[in-house]
Amino acid sequence: MNQLVPITASSLPALITAAGDRRPIRWIGRRTVDFAASRSRVAWPVLIMPNAFGPGQPARPLRLSPLHAVFRNGVLVPAAHLVNGATIQREQAAAATYYHVELDRHDIIFAEGLTCETYLDTGNRGALYDEAGTRTPARRACAKLVTGGAKLAAIRRELHERALAAGFSLTYQPALRAIADNQPVLPDILRRGRRRMARLAWPVAARRVVLLSRCASPAETDPDSEDRRELALCLGAARAQGKRPALGEGWLPRAAADGGFWMGRRAELLLRQPADRLTLSLAAVIRTWRPAGAGEALDGTE
């Protein structure tokens, strides 16, 4: 592990802003976040891959805190709202140390060649420690912050097209697997018209089946969507021994436009009586990115 270098006021240099101005750094703060206590992906750092915004933007992998904003098309966008599951991802980490750089006013600088904001105190300064320099009273943002709407959608469409140009492709493969009372099961996926059917069978009758599947947010693959639920499969119906299982843990509340009940990465089905087979009717499968060079998708329809 790299040892952190102590920050001292005398060590604070100057920065060249995106506008070309030379500005002294007034303050630097540092905070280490431990993610071990939370399994939520929303707290993980956002990893921006090289060239995600264009050649050299960024020039190298760039990691930002989820709420740190990128400057694009005249507006500021928190990194979390730019995640697309391909060129911009949430990076699972046990812990991360974030550095915050403050000038005498809020401004735009280059981070690995990508335009990003400097630190602006919006009420979280108290969570930082090992600070150096003089805190500035600046509270005025240098640009508008957007978290939705047409401007954000336009930026996300640009990122989407760049991901496709980089060789990423889209697929509806569910990558479904299951565990029936500790018995691992791989399903047979069939088509019935436009709907998929999953058939599972195991050697010894079971009462509880755990479904595991690839998961993504609709907003990651549809630039115009603001649905950031983590979804995997949408269950239309299920049958075991002619009876409908009960839904256990892992199923999301049904939204108005849903064709069934969506599950996240893991969900339970509780069988009414012991059974050695289960049939699922899948109303929908979440669309996910396939990395460049990973081969063609087996099924490109929803």
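User: How far is the sulfur of Cys142 from the closest cysteine sulfur?
Analyst: The gap is 11 Å, to the sulfur of Cys116, which is too far for a bond. This is a predicted model, where local features need pLDDT of at least 70, side-chain atom pairs count only at pLDDT 80 or more, and totals for chains, interfaces and linings use all residues. Residues are numbered from 1 along each chain as its sequence is written, and side-chain values use heavy atoms, with hydrogens and water left out.

User: And what about Cys215, which cysteine sulfur is closest there?
Analyst: That of Cys234, at 13 Å, so a bond is ruled out by distance here too.

User: How many disulfides does the structure hold, then?
Analyst: The count is 0, with a disulfide taken as two cysteine sulfur atoms within 2.5 Å.

User: Are those two cysteines buried or exposed?
Analyst: Cys215 is buried at 10% relative accessibility, while Cys142 is partly exposed at 36%. Buried is under 20% relative accessible area, exposed is over 50%, and partly exposed lies in between, using a 1.4 Å probe and protein chains only.

User: Switching topic. Where is Thr118?
Analyst: Thr118 sits in the loop between strand 11 and strand 12. Strands are DSSP runs of E with at least two residues, helices are runs of H or I with at least four, and both are numbered from the N terminus. Thr118 is buried, with a relative accessibility of 1%.

User: What does Thr118 touch, leaving out residues up to four places away in sequence?
Analyst: Its partners are Val101, Leu103, Arg105, His106, Asp107 and Ile109, where contact means heavy atoms within 4.5 Å. Thr118 and His106 are 12 residues apart in sequence, with their C-alpha atoms 5.9 Å apart.

User: Where does Arg125 sit?
Analyst: Arg125 also belongs to the loop between strand 11 (114–117) and strand 12 (129–133).

User: Buried or exposed?
Analyst: Arg125 is buried, at 5% relative accessible area. Beyond its neighbours within four places in sequence, Arg125 contacts Trp27, Glu102, Tyr119, Arg135, Thr136 and Arg139.

User: Now the empty space. What is the volume of the largest pocket?
Analyst: About 580 Å³. On a 1 Å grid over the protein atoms alone, a pocket is an open set of points with protein on both sides within 12 Å along at least five of seven lines, a cavity is a set where a 1.4 Å probe fits but cannot get out, and lining residues have an atom within 4 Å of a point. Points are joined across faces, edges and corners, and a volume is the space filled by probe spheres set on them.

User: Which residues lie nearest the centre of the largest pocket?
Analyst: Ser65, Leu67, His68, Thr122 and Asn124, out of 24 lining residues. Strand 3 (27–34), strand 7 (75–78) and strand 9 (95–102) each supply at least two residues of that lining.

User: And the second largest pocket, how many residues line that?
Analyst: The lining has 18 residues, with Arg63, Leu64, His68, Tyr99 and Ala111 nearest the centre. Strand 9 gives the most, 4 residues. This second largest pocket holds about 420 Å³ of space.

User: How many cavities of 30 Å³ or more are there?
Analyst: There is 1, with about 40 Å³ of space. Among the residues lining the largest cavity are Leu82, Arg156, His160 and Pro223.

User: Which helix gives the largest share of that cavity lining?
Analyst: Helix 1, with 3 residues.
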